[in-house]
Amino acid sequence: MGRSLEVTWNDGRSYAFPLIWLRDNCDCPRCLHPHTRERTFDLLTVPETPRVASAGLAGRGAVMVLWGDDGHTSKYEPDWLRRYAFESSDDDLTRPDVVLWDASLSGHVPRFDYRAVMESEQGLEAWLSALLGHGVAVVADTPCRDREVVRVTERIAYARRSNFGEHFEVQTETNPINNAYTALKLPNHTDLCNWERSPGYQFLHCLENAATGGESTLVDGFRIAEALRRADAGAFRVLSTMPVLFRFHDTECDLRFHAPIVGLDGSGRFERIRFNLGLFGVQALPPDETAALYAAYRKFAQLVRDDRYQIRFRLRPGDLLTFDNWRVLHGRLAYQPSTGKRHLQGCYVDRDEVLSRLRMSISAVTDAA
Ligand code: OGA
Ligand code: ZN
Ligand code: ZN
């Protein structure tokens with residue numbers, strides 16, 4: 001016998017499972033702790049190609065393997081094996097069916113009802129799925145209560161703290177530490193891109209919006225990156241490879257991180273955009289690299305404010321704007337504080353927690369069906 005075990009299902013399809021993979025994934029109570037569900041088997045206790053003493057079928061097509069090295073018996077259910085055959089993945093959430101959007105999303109941002117999100121598993125799943133697919137969703141009729149935005153994050157897991165606190169108040173301040181706490185226009189940006197762990201998701205809860213101006217803007221950063229890749233491959237290469245300094249500092253902290261503006265994963269897919277004119281640091285590069293960076297950066301910045309890609313709308317009190325801060329850039333127009341009060345409360349949730357909660361929600365909804 002070679003390095004794999006060939007399994008054939010009733011429909012005639014077959015797949016060769018590597019023996020070390022089979023041995024490592026035995027789920028008996030000696031190999032997988034029945035309570036923690038963590039592996040207790042140590043793969044170095046068997047050879048790289050474990051020996052099979054015998055293999056056969058038990059009731060309902062389960063594959064039984066008696067291992068030659070340690071005399072251990074393993075049992076694999078056919079449906080479980082099928083899930084891992086043909087290179088399918090156990091987890092498709094981390095590669096959601098991303099729907100890239102442009103200005104045509106205007107008027108069509110997915111909206112979900114607060115009570116459905118907070119009180120039903122289906123409501124939660126629908127909202128989080130939209131957040132993954134479109135990267136933006138509004139939770140409507142969110143009660144205009146202090147810190148309600150944090151309670152919504154607790155429906156998922158917990159808020160991700162930052163130097164701005166567990167949540168932050170977006171309103172004009174006399175001594176602002178951050179451009180958001182002024183009445184100035186905020187060009188589309190990602191928050192906290194000066195952190196290694198830039199937050200995965202951001203929530204902004206509109207409590208009051210009576211001032212003239214202050215409309216919200218959003219743009220799909222992956223769509224922008226795609227447009228740049230098509231229009232100017234050289235500029236795209238610069239932005240997706242050259243680490244750029246982002247920095248925020250005040251009297252309490254000096255938070256810096258170097259990363260490319262367009263972050264790609266190991267397969268070349270868009271992973272995370274970091275873009276914030278206010279947090280773009282003083283770059284210390286040789287002059288020719290500085291020139292190349294600025295040329296590419298300006299092209300990206302132009303697309304980020306291009307009306308072909310951007311949507312603009314007015315938040316109403318009770319609207320909780322939620323978006324993927326690794327993908328969607330947000331901004332607002334300037335407003336006039338003398339004409340009325342504008343007050344949002346914001347916070348962040350990390351990506352792991354959102355994905356985990358969605359997986360749990362999907363299995364709860366499927367089990368109930
Ligand atoms: C922020 C921000 C937008 C707004 O607080 O991060 O970008 O509409 N606010 O005030
Ligand atoms: Zn076992
Ligand atoms: Zn912001």
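Among contacts in the chain between residues at least 6 apart in sequence, what percentage join residues at least 24 apart? In this predicted model, the share of such contacts that join residues at least 24 apart is 73%. The legends below begin with the whole chain and then turn to individual sites.

**Figure 1. Overview of the chain, with its nine helices and 21 strands.** Taken along the principal axes, the box filled by the C-alpha atoms is roughly 80 × 55 × 40 Å. The chain has 369 residues, and buried residues make up 49% of them. Its accessible surface comes to about 18700 Å², and carbon and sulfur atoms account for 50% of that surface. The chain carries 45 positive and 50 negative charges, and the mean positions of these two sets are 3 Å apart.

**Figure 2. The zinc ion (ligand 2) with its protein donors Cys26, Cys28, Cys31 and His72.** The three cysteines each contribute their SG atom and His72 contributes NE2, with the donors lying 2.1 to 2.3 Å from the ion. The arrangement around the zinc ion (ligand 2) is tetrahedral, because the four donor atoms subtend angles of 101 to 115 degrees. Along the chain, the donors follow the spacing C-x1-C-x2-C-x40-H. Cys28 and His72 link distant parts of the chain, being 44 residues apart, with Cys28 in the loop between α1 (19-24) and β3 (52-57) and His72 in the loop between β4 (63-67) and β5 (73-76). Cys28 counts as buried because its relative accessibility is 18%, where the cut-off for that class is under 20%. His72, at 5% relative accessibility, counts as buried too.

**Figure 3. Arg37, a residue with positive phi in the loop between α1 and β3.** The phi angle of Arg37 is near 60 degrees, a positive value in a residue other than glycine. Arg37 has a relative accessible area of 54% and is therefore exposed, whereas Cys28, placed in the loop between the same two elements, is buried at 18% relative accessibility.

**Figure 4. The zinc ion (ligand 3), coordinated by His189, Asp191 and His330.** The coordinating atoms are NE2 of His189, OD of Asp191 and NE2 of His330, at 2.1 Å. In sequence, these donor residues are spaced H-x1-D-x138-H. Both His189 and Asp191 are buried.

**Figure 5. Ser198 and Leu192 in the loop between β9 and β10.** This loop runs between β9 (186-189) and β10 (201-209), and Ser198 within it counts as buried, at 3% relative accessibility. Leaving aside neighbours within four places in sequence, Ser198 is in contact with Arg160, Asp191, Leu192, Cys193, Arg272, Arg274 and Trp326; among these, Asp191 is also a donor of the zinc ion (ligand 3). Ser162 lies 36 residues from Ser198 along the chain, and their C-alpha atoms are separated by 9.8 Å. Leu192, one of the contacts of Ser198, has a positive phi of about 55 degrees although it is not a glycine. At 4% relative accessibility, Leu192 counts as buried.

**Figure 6. Helix α5 (residues 148-156) and the elements that cover it.** The helix is mostly covered, as seven of its nine residues are buried. These buried residues are Glu148, Val149, Val150, Val152, Thr153, Arg155 and Ile156. Their cover includes the helices α3 (114-119), α4 (121-133) and α9 (351-368), together with the strands β10, β18 (320-324) and β21 (342-349).

**Figure 7. Helix α7 (residues 233-241) and its packing partners.** The residues buried in α7 are Ala235, Phe236, Val238, Leu239 and Ser240. An α-helix has 3.6 residues a turn, so residues three or four places apart point the same way. The buried residues of α7 pack against the helices α6 (221-231) and α8 (287-304), and against the strands β15 (262-264) and β16 (270-273).

**Figure 8. Pro18 in strand β2 (residues 14-18).** Pro18 counts as partly exposed, because its relative accessibility is 39%. Not counting residues up to four places away in sequence, Pro18 touches Arg3 and Ser4. Glu6 is twelve residues from Pro18 in sequence and 8.8 Å from it in space, C-alpha to C-alpha.

Notes:
Residues numbered from 1 in each chain as written. Chains lettered and ligands numbered in written order. Predicted model: local features only at pLDDT ≥ 70, side-chain atom pairs only at ≥ 80, totals over all residues. Heavy atoms only, no water. Donors = N, O, S within 2.8 Å, 3.2 Å for Na, K, Ca; no water. Tetrahedral: all angles 85-135°; square planar, octahedral: opposite > 155°, others 65-115°. Helix = DSSP H or I, 4+ residues; strand = E, 2+ residues; numbered from the N terminus. Buried < 20%, exposed > 50% of the residue type's maximum accessible area, 1.4 Å probe, protein only. Contact = heavy atoms within 4.5 Å. Areas by Shrake-Rupley, 256 points an atom, 1.4 Å probe, with all protein chains shown as cover. Lys, Arg positive; Asp, Glu negative; His and termini not counted. Charge placed at Lys NZ, Arg CZ, Asp CG, Glu CD.
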